[in-house]
Amino acid sequence: MYTLEKRGSIFILTLTGPDAEHRLNPTAIDSIKSALSTVKSQATPGSVLITTAHGKFFSNGFDLKWAQQPGSPSGFQARLHHMVDYFKPVVADLLSLPMPTIAAVTGHAAAAGMLLAISHDYVVMRGDRGVMYMSELDIGMTFPEYFTAMFRSKIGKVGARRDVMLAAKKVKAGDAVEMGLVDLVCEDGEKTVDAAVRMAEELGRKMWNGEIYAEIRKAMYPEICGVLSLTSKPIVAPRL
């Protein structure tokens, strides 16, 4: 489901596996949670996380086929709600991870896959193909509360939020930069990962205290952190 590589102080989490769309079912979510737990346990000053994926998809969101399994006693809606609730700790883990985080979006990022990407501090996206897309309006479902809170926290322009949430716009890399969703656009997937690594190296050289970094991040986004029951606390750990 994933590989976790460590290059010096940089962790590279790559979504892999037989599902080329990297859809998020409970097994896949468990694997991401496990990887983030490992990253957190090995964090040191200067650590940085990069999340990326193999193939033409970064992640195509929740695994609706898993939710539609025939004969399930719980039914489609219950299984879908289960995935929504089960994914929530992944977002909380990313917002509280004691290091900078970068999403290297090398392919389509849709629905929960898009939320996974923008839960990182920085987003680097390939420009030759791939879109960001919230499909909820098109498939006929409302947004979970923590999705909406994340969009209000991360998309500052009201018109951009409208395009993402009320127009189900398939956002290409250039438009994503204008919306504030993406920090850097690269020519192709390989260059996207390379650029993310260079960014991680630059951030890692700062040697910031990870716990303080995480607390400042949480304080930046009070609405989504409130929905996720993440609290911030004052810390003083002077380096001088």
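**Figure 1. Cysteines without disulfides.** The structure holds 0 disulfides; the model shown here and in the other views is predicted. Two cysteines are considered in this view. Cys186 has a relative accessibility of 11%, so Cys186 counts as buried. Cys225 also counts as buried, because its relative accessibility is 2%.

**Figure 2. An edge-to-face pair formed by Phe143 and Phe151.** The structure holds 5 aromatic pairs. In the pair of Phe143 and Phe151, the ring centres are 6.1 Å apart and the planes meet at 85 degrees, an edge-to-face arrangement. Phe143 and Phe151 are both buried.

**Figure 3. A stacked pair formed by Trp208 and Tyr213.** A pair of aromatic rings is described by two quantities, the distance of the centres and the angle of the planes. For Trp208 and Tyr213 the centres are 5.9 Å apart and the planes lie at 25 degrees, so this pair is stacked. The cut-off behind that label is an angle under 30 degrees. Trp208 has 34% relative accessibility and therefore counts as partly exposed. Tyr213, with a relative accessible area of 18%, is buried; the limit for buried is under 20%.

**Figure 4. A cluster of aromatic rings.** Four residues, Phe62, Phe87, Tyr146 and Phe147, are linked into a cluster by ring pairs.

**Figure 5. Charged side chains over aromatic rings.** Arg79 places its charged end over the ring of Trp66, at 3.9 Å from the ring centre. Lys170 lies over the face of Tyr133, and here the distance to the ring centre is 5.0 Å.

**Figure 6. Gln69 in a loop between two helices.** The loop that holds Gln69 runs between α2 (64-67) and α3 (75-96). The relative accessible area of Gln69 is 36%, so Gln69 is partly exposed. Gln69 and Phe87 are 18 residues apart along the chain, and 19 Å separates their C-alpha atoms. Phe87 is one of the residues in the ring cluster of the earlier view.

**Figure 7. Surroundings of Glu215 in helix α10.** Helix α10 covers residues 210-220 and includes Glu215. Glu215 is buried, because its relative accessible area is 10%. The side chains of Glu215 and Lys218 are joined by a polar contact of 3.0 Å. Apart from neighbours within four places in sequence, Glu215 is in contact with Thr231, Ser232, Lys233 and Ile235.

Notes
Residues numbered from 1 in each chain as written. Predicted model: local features only at pLDDT ≥ 70, side-chain atom pairs only at ≥ 80, totals over all residues. Heavy atoms only, no water. Phe/Tyr/Trp six-rings, centres within 6.5 Å; stacked < 30°, edge-to-face > 60°. Buried < 20%, exposed > 50% of the residue type's maximum accessible area, 1.4 Å probe, protein only. Lys NZ or Arg CZ within 6 Å of the ring centre and 35° of its normal. Helix = DSSP H or I, 4+ residues; strand = E, 2+ residues; numbered from the N terminus. Disulfide = S-S within 2.5 Å. Polar contact = N/O pair within 3.5 Å; in protein donor to acceptor, adjacent residues only side chain to side chain. Contact = heavy atoms within 4.5 Å.
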